[in-house]
Amino acid sequence: MDIGSVNYLPYEEFVDVFGNVVEKCPLITAAVWSRRPFSSLADLEASINDFIDALTESGKEGILRVHPDLTGRDLQSGTLTRESREEQVQAGLDTLTTAEVSRMARLNTEYKDHFGFPFVICARMNNKATILRQLEERLRNERTIERACAIDEVKKICHLRLQGLVVPETSNKL
Ligand SMILES: NC(=O)N[C@H]1NC(=O)NC1=O
C-alpha cells in the first residue's frame, strides 16, 4: 500500500492494518489516525513517535509492559502476536538450546524484577548472541536511561513493521 491509499483508509481499516505496529497498542494507532493526511511514510512514523514521546513516564512503561518476554511462555505456547512471533523466529529465538532458554528466562526475570517492565529489544536487528549480551549489559543501566533505551527499541520495531506495510515513496517520482 502507498501513503496515498493509507490516507484514504477509514478509521476501522486503518486500525486493522496498523493496530499492532506498536505491540498491543492499537490506542496509539487510533490516536494517530486523526493526524492524517500523512505526507509520507516517514511522516506517519514521526506521528507515532511524537505520540509516544508525549506520554508520561508511566505511559511509556505501560507500552513496555504489554510486550511479551523474548523466548518466554508465549513463544513456547504459540500465543504471541503474528508480528512478534515472526520477529523472534527471525532472530533465531525458537532454536535456543535448553541452556540458552534457561539463561534467557533467568535474565528476563532478573530484568523484570529490577525495572518493573520486560526487556524489549528489536529482535530483527539482532540475533540470539547480541540479544543475550544486551540483556546482561542493559540490566546494569540506570532506570531512566534504560526506559529511554527500551522505548528506542519499540520505535525500531515499529519502523520495521511499518516498512512491511507501506511502500516507501520513490525519490524520482514525477
Ligand atoms: N520483548 C521484546 O523485545 N519483544 C519484542 N521484540 C521484537 O522484536 N518483537 C517483540 O515483540
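Let me start with one detail of this model, namely that helices α5 and α10 cross in a left-handed sense; and I should say straight away that what we are looking at is a predicted model. The axes of α5, which covers residues 57-65, and of α10 come within 10 Å, and they cross at roughly 55 degrees. That angle makes α5 oblique to α10. On the α5 side, the residues that make this contact are Glu57, Lys60, Glu61, Ile63 and Leu64, and on the α10 side they are Arg147, Ala150, Ile151 and Val154. If we sort the residues of the contact of α5 with α10 by class, we find five nonpolar and four charged, with no polar residues.

Now to a second partner of the same helix. Helix α4, residues 41-53, also packs on α10, residues 143-163, with the two axes coming within 11 Å and crossing at roughly 155 degrees. Since angles over 145 degrees count as roughly antiparallel, α4 is therefore described as roughly antiparallel to α10. The crossing of α4 and α10 is right-handed, whereas, to repeat, that of α5 and α10 is left-handed.

Which residues of α4 and α10 make the contact? From α4 they are Leu41, Leu44, Glu45, Ile48, Asn49 and Ile52, and from α10 they are Ile151, Lys155, Cys158, His159 and Leu162. The contact of α4 with α10 comprises seven nonpolar residues, two polar ones and two charged ones. You may notice that Ile151 of α10 appears in the contact with α4 and again in the contact with α5.

Let me step back to the chain as a whole. It contains ten helices and zero strands, and its pattern along the sequence accordingly reads α-α-α-α-α-α-α-α-α-α. The radius of gyration of the chain is 17 Å, which is close to the 16 Å that the globule rule gives for 174 residues, so the chain is as compact as a globular protein of that length. Along the principal axes, the C-alpha trace spans about 55 × 35 × 30 Å.

Finally, I would like to turn to the ligand. Which of the 15 residues around the ligand come nearest? They are His67, Ser84, Glu87, Val120 and Ala123. Taken by class, the shell around the ligand is made up of nine nonpolar, two polar and four charged residues.

Technical notes
Residues numbered from 1 in each chain as written. Predicted model: local features only at pLDDT ≥ 70, side-chain atom pairs only at ≥ 80, totals over all residues. Axes fitted to C-alpha atoms, helices over the stretch in contact; angles between N-to-C directions. Helix = DSSP H or I, 4+ residues; strand = E, 2+ residues; numbered from the N terminus. Parallel < 35°, antiparallel > 145°, perpendicular 65-115°, else oblique. Left-handed = near helix turned anticlockwise from the far one by under 90°. Contact = placed C-beta atoms within 7 Å. Nonpolar A, V, L, I, M, F, W, Y, C, P; charged D, E, K, R; others polar. Near = placed C-beta within 6 Å. Rg over C-alpha atoms; globule rule 2.2 N^0.38 Å.
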